[in-house]
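Please open the model in a viewer and keep the sequence panel visible. The tour proceeds by selection, with a short account of what is found at each stop.

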Amino acid sequence: MLLEEQRFLHEDLERLEQGIADRIGDEPKHIRDRLARDHQIAQFLDRIASQSTKLLSIYRDEDGSRSREIQQIGSGDPMEEFYKQLTEIKGFHARYPNEPVENLERAYRPKKGPDADSEPSIVDTMFTGEEAYGRFFDLHTCHELYLNLPNAKRLSYLQYLDSFDNFTPGAGGLKRAEKMTDQYFTYVGQLSQDLETFMRKTRPLENIDKVVADFDKEFDAAWEKDEITDWKSEESNGKSSSTAKQTSSSEAVWCDDCEKEFKNENVYKGHLSGKKHIRAAAERAKRLEDEPDGAGSASNGTHKSGSSTYRLKERAIAEREFRVKRLASAMSTERSDSRVNVERKQGMTERERQQELENLFNATTTTSQAKDAEDGEDNDDEDKIYNPLKLPLAWDGKPIPFWLYKLHGLGVEFPCEICGNFVYMGRRAFDKHFNEARHIYGLKCLGITNTSLFRDITGIDEALRLWDKIQKEKRKDKVDDGSVVQMEDAEGNVMPEKVYYDLQKQGLL
């Protein structure tokens, strides 16, 4: 029955391709439906790969069974072979009378209406409430692990979202020696795993294994060249001076022992006699002694093995930190949206948070009910929202609370003549627009180059008057070369060079 299995695999591949085409042609509005569609397509692609592997193995015919079956059908009586296979099929169904028959056309067809509501979505149990179907990060577990680290800075969750991929000694409060613990290794591994899992859930159609493999390959190349920042070998760090470290200013001094920056040379010299510096210097000297010098003999073999084990631990931690940095940079949009979402939720009450979660989970059911009610009518009716006060819409497409509207003063209009009489709603948007391209372009059209002096100025006449005043003051303050050089006449009178030549031309000298 290899030919029948071969025909079935070809049919299955065509049905899968048709199912993918039907889903790609539809673009759902809600993020939950889009993710469910992408995950279904990813499952279909995996099934296509597995079925294609089976089909290729049949075509290779390594054991010769397919050739024998073709020869048996072609050489003997075709009707005899037909009835023989028919008898086998009847015998199979007699032994298994309740065996279900798979309907490929129905299995891969997009479900709509009551069938779609009855079947649970694959993304319903995939995300937490904080992640909102892959729109935001949920790093509360990693934040708690970070706060439990010894000597770590006490950062709020909002601050942690900004700096969780910054592993420099001054940023997180952890020095290089303090990172060589099982607790920190567990924290970095959990953070890397959470970010990778989040990327797999939100981007099912991308080859995440290839992306992670590229990150690992890039890390291996940088590690071999000793180019990983903050994880260079202690031997090379010991030979380099403290000024080799990049500092925030020219006067700042970096201490390699304490892994800390000091504002100037005097503060740096004052801390050298402190207990913390002496203890840090002793620990660093001990680590330098354990480093292999490259020309060791068999007597220091134990030191080499110990240092190599220590270096392997550093490599494992550095690899996870490198992966966290790359994953965070690849998902910068979700990171910024998470920060905005946390700031927004901090200004909401508990009741409003619960109501928002309920609206998020019920959004898809209301959308499907609206589609069933319309059936051929315009889809604009489902987007109608009761908003008599004309409040701005939030990220979920619904009006923001009225108290938040009053708090930010979004009902106050701020027109700007320089921006083409554009009206900004709220003081925050008005203050922000002075650094935006629209306002700067309007000032440049008026011939104004120094835009930093024209903040809170919205009128064209007012801006031109101020610019003329600035130009007059500049011309007044400009030094005249003729008034600097002094000349003296025959009677001993001292005067500027310009006045002297004017009087000379007039014959008054």
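Begin by selecting E343 and R339: these residues stand four positions apart in helix α16 (residues 332–346), so about one helical turn separates them. Helices here (H or I, at least four residues) and strands (E, at least two) are DSSP runs, numbered from the N terminus. Before continuing, note that this is a predicted model, in which local features need pLDDT of at least 70 and side-chain atom pairs count only at pLDDT 80 or more, whereas totals for chains, interfaces and linings use all residues. Residues are numbered from 1 along each chain as its sequence is written, and side-chain values use heavy atoms, with hydrogens and water left out.

**Salt bridges**

With E343 and R339 still selected, display the side chains: the two residues form a salt bridge, with the closest N and O atoms 2.7 Å apart. The term denotes a side-chain nitrogen of Lys or Arg within 4 Å of a carboxyl oxygen of Asp or Glu. E343 has a relative accessibility of 35% and counts as partly exposed; R339, at 29%, also counts as partly exposed. On this scale, buried means under 20% relative accessible area, exposed means over 50%, and partly exposed lies in between (1.4 Å probe, protein chains only).

Next, select R326 and E218. Their salt bridge has its closest N and O atoms 2.9 Å apart. This pair links distant parts of the chain, since R326 belongs to helix α15 (residues 301–330) and E218 to helix α11 (residues 208–224), 108 residues apart. R326 is partly exposed at 26% relative accessibility, and E218 is partly exposed at 37%.

Move to R32 and D33, whose side chains meet in a salt bridge at 3.4 Å, N to O. Is R32 buried or exposed? R32 counts as buried, with 15% relative accessibility, while D33 counts as partly exposed at 24%.

To see a network of salt bridges, select E196, R200, D209, D216, E319 and R323 together, as these residues are linked in one. In total, the count by this rule is 24 salt bridges.

**Surface patches**

Switch to a surface representation and select K175, K275, K276 and R279, which form a positive surface patch. Patches are made of residues with over 30% relative accessible area and no salt bridge; like charges are joined within 9 Å, and nonpolar side chains (Val, Leu, Ile, Met, Phe, Trp, Tyr) within 5 Å. Lys and Arg count as positive and Asp and Glu as negative, with His and the chain ends not counted. The place of a charge is taken as NZ of Lys, CZ of Arg, CG of Asp or CD of Glu. Within the positive patch, K276 lies in helix α14 (residues 275–290) and is exposed, with a relative accessible area of 66%.

Now select M79, F82 and Y83, which make a nonpolar surface patch of about 340 Å². Accessible areas come from the Shrake-Rupley method with a 1.4 Å probe; for residues, only the protein chains shown count as cover. M79 is located in helix α4 (residues 78–95) and counts as partly exposed at 45% relative accessibility.

**Backbone and cysteines**

Turn to the backbone at A132, which is not a glycine yet has a positive phi of about 55°. Most residues other than glycine have a negative phi. A132 sits in the loop between α6 (114–118) and α7 (140–147) and is buried, with a relative accessible area of 4%. Then select N151, another residue other than glycine with a positive phi, near 65°. N151 lies in the loop between α7 and α8 (157–163) and is exposed at 53% relative accessible area.

How many disulfides does a search of the whole structure find? The search finds zero, a disulfide being a pair of cysteine sulfur atoms within 2.5 Å. Select C416 and C419 to inspect one pair: the closest cysteine sulfur to that of C416 is in C419, at 3.5 Å, which is too far for a bond. C416 counts as buried at 0% relative accessibility, whereas C445 counts as exposed at 53%.

For the last stop, select F402 and L389, which are 13 residues apart in sequence and 8.7 Å apart in space, C-alpha to C-alpha. F402 is found in helix α18 (residues 402–407) and counts as partly exposed, with 42% relative accessibility.
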